[in-house]
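Subject: Structure for you, with notes

Hello,

Here is the structure I said I would pass on. Please open it alongside the notes below.

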Amino acid sequence: MMVLLAAPVAQSMRRQGGMVRGLAVGVVLGFLYFVTDGFVLTLGEAGALPPVVAAWSPALLFGIVGSATLVRMEGI
């Protein structure tokens, strides 16, 4: 998951030269993933979400976000 989130950031750093901005976006996305994962897993443990949804939703959500960003940057 982290590689998928880092790929668009690495592409933008290479193309735009904004190394600090790209690094900040990568750190924020990684932190947001871990916060979301912990929150959703807590909801699953509490019984508010089904266990399968709690386990897979952060990975699917950030996978979709990372894929969409990568596709948008590559212009596919």
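What follows is a short account of the fold, the last helix, the aromatic residues and a few positions around them.

Please keep in mind that this is a predicted model. The mean pLDDT of the chain is 79, and 68% of its residues reach 70 or more. Confidence varies among the elements: helix H1 (residues 2–16) has the lowest mean pLDDT, 63, while H3 has the highest, 85.

Overall fold

The chain contains three helices and zero strands, so its pattern along the sequence reads α-α-α. Of its 76 residues, 22% count as buried. The exposed surface comes to about 5,200 Å², and carbon and sulfur atoms supply 75% of that area. If we take the contacts between residues at least 6 apart in sequence, 63% of them join residues at least 24 apart.

Helix H3

Helix H3 covers residues 51–74, which makes 24 residues. At 1.5 Å a residue it should span 34 Å, and its end C-alpha atoms are 35 Å apart, so the expected and modelled values agree. The helix does have a kink of about 40° at Ser-57, shortly before the proline Pro-58. After H3 comes Gly-75, with a positive phi near 75°.

Which residues of H3 are buried? They are Ala-54, Pro-58, Phe-62, Gly-63 and Gly-66. For reading that list, it helps to recall that an α-helix has 3.6 residues a turn, so residues three or four places apart point the same way.

Trp-56 also sits in H3. Its relative accessible area is 53%, and because the cut-off for exposed is over 50%, Trp-56 counts as exposed. Its C-alpha atom is 9.3 Å from that of Val-40, a residue 16 places away along the chain.

Aromatic residues

There are two aromatic pairs in the model. One of them joins Tyr-33 and Phe-34: the ring centres are 5.6 Å apart and the planes stand at 65°, so this pair is edge-to-face. Although they are partners, the two residues differ in exposure. Tyr-33 has 13% relative accessibility and counts as buried, whereas Phe-34, at 56%, counts as exposed.

Tyr-33 also pairs with Phe-62, again edge-to-face, with 5.3 Å from centre to centre and 90° between the planes. Why does this pair tie together parts that are apart in sequence? Tyr-33 lies in helix H2 (residues 19–46) and Phe-62 in helix H3, so the pair links parts 29 residues apart in sequence. Both Tyr-33 and Phe-62 are buried. Taken together, the ring pairs link Tyr-33, Phe-34 and Phe-62 into a cluster.

Thr-36

Thr-36 is another residue of helix H2. Buried or exposed? Thr-36 has 18% relative accessibility; the cut-off for buried is under 20%, so Thr-36 counts as buried. Leaving aside neighbours within four places in sequence, Thr-36 is in contact with Pro-58 and Phe-62. Both of these contact residues are on the list of buried positions in H3. Thr-36 can also be placed relative to the kink: Ser-57, where the kink lies, is 21 residues from Thr-36 in sequence and 9.3 Å from it in space, C-alpha to C-alpha.

If you want a place to begin on screen, I would suggest the ring cluster of Tyr-33, Phe-34 and Phe-62, followed by Thr-36 and its contacts with Pro-58 and Phe-62.

Regards

Terms used: Residues are numbered from 1 along each chain as its sequence is written. This is a predicted model: local features need pLDDT of at least 70, side-chain atom pairs count only at pLDDT 80 or more; totals for chains, interfaces and linings use all residues. Side-chain values use heavy atoms; hydrogens and water are left out. Helices (H or I, at least four residues) and strands (E, at least two) are DSSP runs, numbered from the N terminus. Buried means under 20% relative accessible area, exposed over 50%, partly exposed in between (1.4 Å probe, protein chains only). Contact means heavy atoms within 4.5 Å. Accessible areas come from the Shrake-Rupley method with a 1.4 Å probe; for residues, only the protein chains shown count as cover. The expected span of a helix is 1.5 Å times one less than its number of residues. The bend at a residue is the angle between axes fitted to the seven residues ending there and the seven starting there. Rings of Phe, Tyr and Trp (its six-membered ring) pair if their centres lie within 6.5 Å; planes under 30 degrees apart count as stacked, over 60 as edge-to-face and the rest as tilted. pLDDT is the predictor's confidence in each residue, from 0 to 100.
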